Amino acid sequence: MHINIALNPLDMLDALVAVGILYVFLQKYAFPPLLKAVRDRQTRIDEELAAAERRRQEADELKSQLEAELRHVKARAEVAMNHALRDAEDEAAQIVVRARQESRRLVADAEAEIASERQHALASVKREVADLALGIAAKVLGQERADEATRRLVQEFVDQLGPEADGEPTP
Amino acid sequence: MTFNLSGFDPTLALYVWISVTLTGLVAWIMTRSARADKPGVGQSLMEMVFEFINGLARGAMDDNPAFLSFLVMLFLFLLVANFQGMIPALHSPTTNLNVTAALAILTFAMMWVFGFKKKGLGYFRHWLHPGGAIGAAMLPINIIEDFSKPLTLAFRLFGNILVGEIFMGIIASGAAYFQGGFALGFVWWGFTAFVNVVQAFIFMILTLSYVGQAQASGH
């Protein structure tokens with residue numbers, strides 16, 4: 001192998017020209033597509049980052065909106081629930097009042113019926129007593145049937161019997 | 001070392017142009033159908049290279065897409081040029097000092113252009129660093145340091161790649177004659193591949209560093 005350490009300007013110039021041409025060639029044909037691809041990728045990444053950021057902001061806005069709506073719905077539901085509770089309480093109170101009135105009415109009706117039945121029974125007893133008394137009187141007087149005067153007398157007596165005589169309990 | 005104005009080396013020119021053509025072709029094939037959604041293996045590799053060098057450049061200098069492209073081109077070219085020597089019947093153009101010197105001069109010129117563009121004549125103030133009487137005394141050392149940058153760049157790359165290639169040749173030619181020759185050849189082949197990548201990276205990162213230093217306010 002021949003080792004040459006002689007400096008030759010023409011050889012040096014040749015090397016410089018070759019490197020210069022290589023630089024021009026690479027700058028014109030090799031590097032631009034590469035740098036363009038890198039730039040395009042960077043642009044795409046930037047765009048995707050921007051889009052992601054936009055989507056994040058939209059999601060945040062949507063979240064805030066939904067949270068506000070949820071708060072509103074909760075408030076409305078609470079109001080509705082309170083209203084329903086009040087209505088239910090009112091209704092319950094009304095039912096209780098109505099039930100009390102009904103029970104009072106039923107008690108009053110029952111008392112009235114009892115009183116009526118009692119009067120009816122009393123009248124029947126009075127008739128029975130009068131008939132019995134008249135029968136006894138007729139037997140005593142030797143008559144088949146009591147006459148009209150006796151009948152009226154006994155009837156007046158029985159009618160005059162008051163509550164005390166009727167056995168009505170003293171309040 | 002001689003300085004020869006007449007002896008243009010057509011073989012070297014051929015190797016240089018093979019490297020340039022291969023670099024351009026490979027880069028073009030890897031990126032021609034680049035797409036944003038589903039990058040292929042080639043596109044992904046190129047994007048990794050761009051991203052890696054861009055990450056380094058961002059911390060070292062002002063944002064400059066054209067210079068970033070230059071750094072990527074330089075790295076790819078040096079990678080291809082260094083590996084070209086591992087292909088049988090071919091040589092790496094970076095085993096010739098003229099090529100590495102040309103690239104180093106390019107770096108040096110960029111250092112000055114970027115520094116001058118940013119600071120004007122104030123760029124040369126760093127020759128008087130750290131200022132005062134000491135700065136004046138340091139002037140020749142600072143100037144030598146500035147001019148030694150392209151020299152070290154050129155010789156580092158040249159020396160490393162040349163040594164790798166020479167040893168590869170020696171081992172390849174003698175492998176059949178001693179025990180373990182092929183295993184040694186394989187190991188050296190792997191080591192040379194590693195050195196090729198590292199040297200391409202070092203040249204690129206030093207170019208970035210020198211240009212970044214030239215732009216830096218404290219420089």
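**View 1. The low-confidence end of chain A.** Over residues 165-171 of chain A, pLDDT (the predictor's confidence in each residue, from 0 to 100) stays under 50. For this stretch the model has three contacts beyond four places in sequence. Two residues are in contact if their C-beta atoms, placed from the backbone, lie within 7 Å. Where pLDDT is low, the predicted coordinates should not be read in detail. This is a predicted model: local features need pLDDT of at least 70, side-chain atom pairs count only at pLDDT 80 or more, and totals for chains, interfaces and linings use all residues. Residues are numbered from 1 along each chain as its sequence is written, while chains are lettered from A and ligands numbered from 1 in the order in which they are written.

**View 2. Chain A and its helices.** Chain A has three helices and zero strands. Helices (H or I, at least four residues) and strands (E, at least two) are DSSP runs, numbered from the N terminus. Confidence in chain A is highest in helix α1 (residues 9-141), at a mean of 93. Confidence is lowest in helix α3 (residues 163-166) of chain A, at a mean of 50. The mean pLDDT of chain A is 87, and 92% of its residues reach 70 or more.

What box do the C-alpha atoms of chain A fill? Along the principal axes, the box is roughly 190 × 30 × 25 Å. The radius of gyration of chain A is 62 Å, against near 16 Å for a compact globule of 171 residues. This radius is taken over C-alpha atoms, and the globule rule is 2.2 Å times the number of residues to the power 0.38. Of the 171 residues of chain A, 9% count as buried. A residue is buried if 20 or more other C-beta atoms lie within 10 Å of its own, exposed if 12 or fewer, and partly exposed in between; C-beta atoms are placed from the backbone.

**View 3. Where chain A touches chain B.** The contact takes 32 residues from chain A and 42 residues from chain B. On the chain A side, the residues divide into 24 nonpolar, three polar and five charged. Ala, Val, Leu, Ile, Met, Phe, Trp, Tyr, Cys and Pro count as nonpolar, Asp, Glu, Lys and Arg as charged, and the others, Gly among them, as polar.

**View 4. Two packed helices in chain B.** Chain B has six helices and zero strands. Helix α4 (residues 97-119) and helix α5 (residues 132-174) of chain B pack at about 145°, with their axes 8 Å apart. Axes are lines fitted to C-alpha atoms, for helices over the stretch in contact, and angles run from 0 to 180 degrees between N-to-C directions. Residues of α4(B) in this contact include L97(B), A101(B), I105(B) and F108(B). Their partners in α5(B) include P150(B), L153(B), L157(B) and F158(B). The residues of the contact of α4(B) with α5(B) divide into ten nonpolar, two polar and one charged.

**View 5. The loop between α3 and α4 of chain B.** A89(B) lies in this loop, as does P93(B). Which is buried and which is exposed? A89(B) is exposed, because 4 other C-beta atoms lie within 10 Å. P93(B) is buried, because 33 other C-beta atoms lie within 10 Å. The phi of A89(B) is near 75°, a positive value in a residue other than glycine. Beyond its neighbours within four places in sequence, P93(B) is in contact with residues including L12(B), Y15(B), A81(B) and V99(B).
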